[in-house]
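Me: Here is a model to go through by question and answer. Please keep the replies brief and end each on what was asked for.

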Amino acid sequence: SKATVSVLNWSYPLFTTQNTMPPAGMDKEKYEELKKKRQFRKSTYRGIEVDDLLKLSNEELAQLVPARARRRFQRGLKRKCMALVKKLRLAKKDVPIGDKPPHVKTHLRNMIIVPEMIGSVVAIYNGKVFNAVEIKGEMVGHYLGEFSITYKPVTHGKPGIGATHSSRFIPLK
């Protein structure tokens, strides 16, 4: 089942269900065994498992996310956001099972994470460098920028020369 978003009279497929067929050259039993072995725990978003999230329509997903993200979905995803989803789809397409796809660089810190992005690796620009982030199920509904910090957190040093006025009188030996 494919859902589409209409933006400026353009129709984009937004979410596609993942293919459950084994890759070429691999029998179905081995594929199922490999899937079970790789599974550690089921991640959920607001009580709904990732597999079920992928099957949701746009309207159903919009009801799950917070109000700001819901408003953004209702107004339509813009061309740049759809281009990023398309690049992520292409990056995940030809990757063998168990491997991570190549990262996709983006400046779109205001992009809301949608279920189709789960499993992708996105390199998010923080103003200086691109930070690679693997998208997980718990990240759905958040912004990409939340996972790439733009400042270096302050590490408070030990008091010493120049730290405070009282340290000015410590003799240098």
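Me: In which sense do strand 5 and strand 6 pair, and over how many bridges?
Reply: This is a predicted model, in which local features need pLDDT of at least 70, side-chain atom pairs count only at pLDDT 80 or more, and totals for chains, interfaces and linings use all residues. Residues are numbered from 1 along each chain as its sequence is written, and side-chain values use heavy atoms, with hydrogens and water left out. Strands are DSSP runs of E with at least two residues, helices are runs of H or I with at least four, both numbered from the N terminus, and two strands pair if DSSP finds at least two bridges between them. Strand 6 covers residues 121-125, and its pairing with strand 5 is parallel, over three bridges.

Me: Which residue of strand 6 is the bridge partner of Thr 106?
Reply: Strand 5 spans 104-106. The partner of Thr 106 in strand 6 is Ile 124.

Me: What is the strand order of the open sheet?
Reply: The sheet has three strands with mixed pairing. Strand 5 and strand 7 (130-134) are its edges, each pairing on one side only. The twist from one strand to the next averages 30°. The order is 5-6-7.

Me: What angle does the direction of helix 5 make with that of strand 5?
Reply: Helix 5, residues 79-93, packs on the sheet and touches strand 5 and strand 6; contact here means heavy atoms within 4.5 Å. Axes are lines fitted to C-alpha atoms, for helices over the stretch in contact, and angles run from 0 to 180 degrees between N-to-C directions. The angle is about 165°.

Me: How many bridges join strand 6 to strand 7, and which residue of their hairpin takes a positive phi?
Reply: Strand 6 and strand 7 run antiparallel, joined by five bridges. Ala 123 stands opposite Ala 132 in strand 7. The hairpin has four residues between the strands, and the positive phi, near 105°, belongs to Gly 127.

Me: Which residues form the aromatic pair, and is each of them buried or partly exposed?
Reply: Rings of Phe, Tyr and Trp (its six-membered ring) pair if their centres lie within 6.5 Å; planes under 30 degrees apart count as stacked, over 60 as edge-to-face and the rest as tilted. Buried means under 20% relative accessible area, exposed over 50% and partly exposed in between, with a 1.4 Å probe and protein chains only. The pair is tilted, at 4.8 Å centre to centre with 50° between the planes, and consists of Tyr 125 and Phe 130. Tyr 125, at 23%, and Phe 130, at 30%, are therefore partly exposed.

Me: Which element gives the most residues to the largest nonpolar core?
Reply: A nonpolar core is a set of buried Ala, Val, Leu, Ile, Met, Phe, Trp, Tyr and Cys residues joined through side-chain atoms within 4.5 Å. This one has 32 residues; among those touching the most other members are Leu 53, Phe 73 and Leu 84. Helix 2, helix 3, helix 4, helix 5 and strand 6 each give two or more residues. The most, six residues, come from helix 5.

Me: With which residues is Ile 149 in contact, leaving aside neighbours within four places in sequence?
Reply: Ile 149 lies in the segment after strand 7 and is partly exposed at 44% relative accessible area. Its C-alpha atom is 9.4 Å from that of Gly 127, 22 residues away along the chain. The contacts of Ile 149 are Asn 126 and Asn 131.
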